[in-house]
Amino acid sequence: VGIDYALFILARHRTQVAHGMPVRESIGVATATAGTAVLFAGATVVIALLGLLVVGIPFLSAMGIGAAAGVIVSMLAAITLLPALLSIANNKLVPKKTSRAYRRETAKVPTTLGARWVKLITRRPLVTLIVSVVTLAVIALPALSMRLALPDAGSDPAGSLTRTGYDAIAEGWGPGANGPLIAIADISHTDITKIADTLSSFSDSFKGIKGVASVSAAFPNPGLDAAIVSIIPTTSPDSLDTEALVHELRNNAQAFEKAHGFSYEITGQTALNIDISQVLSDAIGPFAIIVVGLSLVLLLIVFRSVAVPLSATLGFLLSLSAAFGVTSAIFQEGIAAQFFGLAKPGPIISFMPIMVMAVLFGLAMDYQVFLVSRISEHYVETKNAHEAVTHGFTASARVVVAAALIMARSEE
């Protein structure tokens with residue numbers, strides 16, 4: 001975002017000085033117009049990042065706060081440090097009259113790719129809208145079956161030490177041996193003379209359950225007030241069957257307590273991973289509602305329009321769905337996985353949806369504000385909606401595409 005915001009203001013400044021505006025005046029105008037857009041765009045990013053607090057997972061909250069602070073610093077740098085640097089550069093940033101940049105900025109009839117593209121897509125706007133929505137909806141279809149889980153060593157590259165060890169354990173003791181479940185019970189109220197029977201009944205209660213490969217003997221702690229049992233599932237840690245088994249064992253705890261007078265809890269790394277994935281899945285809805293809701297209010301204040309925030313939200317949701325669809329198709333279904341060096345298709349890492357929503361929402365609103373602010377400015381001057389769309393898009397398209405490419409490259 002630091003590069004995005006600086007690039008947006010700088011591009012506006014160069015356009016203005018190419019048209020003959022004095023440098024110092026151009027710096028002021030660019031900071032007042034593009035700089036204001038940067039502040040509001042940055043505010044939406046900050047809202048999205050602080051929305052991670054809703055998830056309730058401490059390290060994600062810390063990441064959100066830290067990233068939001070970084071965005072605020074970038075915003076302040078864009079409207080303070082950057083204008084100072086532009087003033088120092090003075091005429092060095094003015095495009096030379098013989099340059100392509102000067103011809104592009106001053107052409108009466110723009111011939112750039114952006115100008116040609118906006119002319120094409122606005123010729124039949126309804127057709128463009130329908131084709132875009134349908135295309136993104138089709139791309140998003142694989143997301144309907146997206147599964148979330150935390151990866152284990154089975155997802156590591158083939159031949160690595162961790163993957164070799166994982167495969168060896170799975171081959172020798174079954175796939176479930178890579179993720180045993182731990183059942184722990186409070187036996188402090190058990191008669192000391194009946195400890196052996198208690199331990200035996202505790203262990204036996206897990207035998208014969210579908211999906212359980214083996215059950216260890218129950219082991220008490222030295223104080224004889226707690227006992228544990230190791231349960232090996234028949235399926236791998238990231239399997240749907242293993243997740244179903246964890247839920248079944250937990251559901252059986254109430255009946256077990258009625259029969260034996262004490263209960264148990266299911267834990268272990270595999271169960272913990274399932275719980276974390278569930279927490280993150282449950283947080284997606286509240287996170288989206290809070291972040292999108294606050295940003296809608298912010299955009300309503302900025303543009304005093306209902307259509308702008310609603311279109312921005314629709315664009316974000318379509319982009320997000322398509323992103324999830326592509327990710328699911330490649331990393332979960334294994335489509336074209338060989339081109340991405342994917343070791344083994346499987347569930348999507350649990351943190352991905354929340355993180356992608358935060359980042360993608362910020363970017364979507366950034367680019368929306370960049371484009372619409374230029375369109376809005378031109379419309380105020382001309383009152384010609386079609387011309388304002390064409391002018392605003394042509395003026396901002398290169399900046400938005402460049403910013404997006406830089407962002408994609410930095411993520412890579």
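**Close-up 1. The residues around the largest cavity of this predicted model.** Seven side-chain names are worth finding here: Phe 287, Ala 288, Val 291, Val 292, Phe 316, Met 357 and Phe 361 line the largest cavity. Sorted by class, this lining has seven nonpolar residues, with no polar and no charged ones. Two elements each give two or more residues to the lining, namely α12 (269-303) and α14 (352-382). Of these, α12 supplies the largest share, with four residues.

**Close-up 2. The cavity itself, in the setting of the whole structure.** How many cavities of 30 Å³ or more does a search of the whole structure find? The search turns up one. Its volume is about 40 Å³. Rolling a probe the size of a water molecule over the atoms is a way to show where empty space is left. When you look for this space in the model, Phe 287 and Phe 361 are among the lining residues to look for.

**Close-up 3. Helix α1 beside helix α2.** Let us now turn to the helices. Two packed helices can be described by the angle between their axes and the distance between those axes. For α1 (residues 2-18) and α2, the angle is about 150 degrees and the axes lie 8 Å apart. Angles over 145 degrees count as roughly antiparallel, and α1 and α2 are therefore roughly antiparallel to each other. The crossing of α1 past α2 is right-handed. In the contact of these two helices, 13 residues are nonpolar, six are polar and one is charged.

**Close-up 4. Helix α1 beside helix α3.** Here α1 meets a second partner, α3 (residues 58-79), at an angle of about 20 degrees, and the two axes are 9 Å apart. Because angles under 35 degrees count as roughly parallel, α1 is roughly parallel to α3. This crossing of α1 past α3 is right-handed. Which residues make the contact? From α1 come Gly 2, Tyr 5 and Ile 9, and from α3 come Val 71, Ser 74, Met 75 and Ala 78. The contact of α1 with α3 has five nonpolar and two polar residues, and no charged ones.

**Close-up 5. Helix α2 beside helix α4.** In this last view, α2 (residues 23-50) and α4 (residues 81-89) have axes that come within 10 Å and cross at roughly 160 degrees. Are the two helices roughly parallel or roughly antiparallel? The cut-off for roughly antiparallel is an angle over 145 degrees, so α2 and α4 are roughly antiparallel to each other. As α2 passes α4, the crossing is right-handed. On the α2 side, Arg 24, Ile 27 and Thr 31 make the contact, while α4 brings Pro 83, Leu 86 and Ser 87. The residues of this contact of α2 with α4 divide into three nonpolar, two polar and one charged.

Terms used
Residues are numbered from 1 along each chain as its sequence is written. This is a predicted model: local features need pLDDT of at least 70, side-chain atom pairs count only at pLDDT 80 or more; totals for chains, interfaces and linings use all residues. Side-chain values use heavy atoms; hydrogens and water are left out. Axes are lines fitted to C-alpha atoms, for helices over the stretch in contact, and angles run from 0 to 180 degrees between N-to-C directions. Angles under 35 degrees count as roughly parallel, over 145 as roughly antiparallel, 65 to 115 as roughly perpendicular and the rest as oblique. A crossing is left-handed if the near helix is turned anticlockwise from the far one by less than a right angle, and right-handed if clockwise. Contact means heavy atoms within 4.5 Å. Ala, Val, Leu, Ile, Met, Phe, Trp, Tyr, Cys and Pro count as nonpolar, Asp, Glu, Lys and Arg as charged, and the others, Gly among them, as polar. On a 1 Å grid over the protein atoms alone, a cavity is a set of points where a 1.4 Å probe fits but cannot get out, and a pocket is an open set with protein on both sides within 12 Å along at least five of seven lines; lining residues have an atom within 4 Å of a point. Grid points are joined across faces, edges and corners, and a volume is the space filled by probe spheres set on the points.
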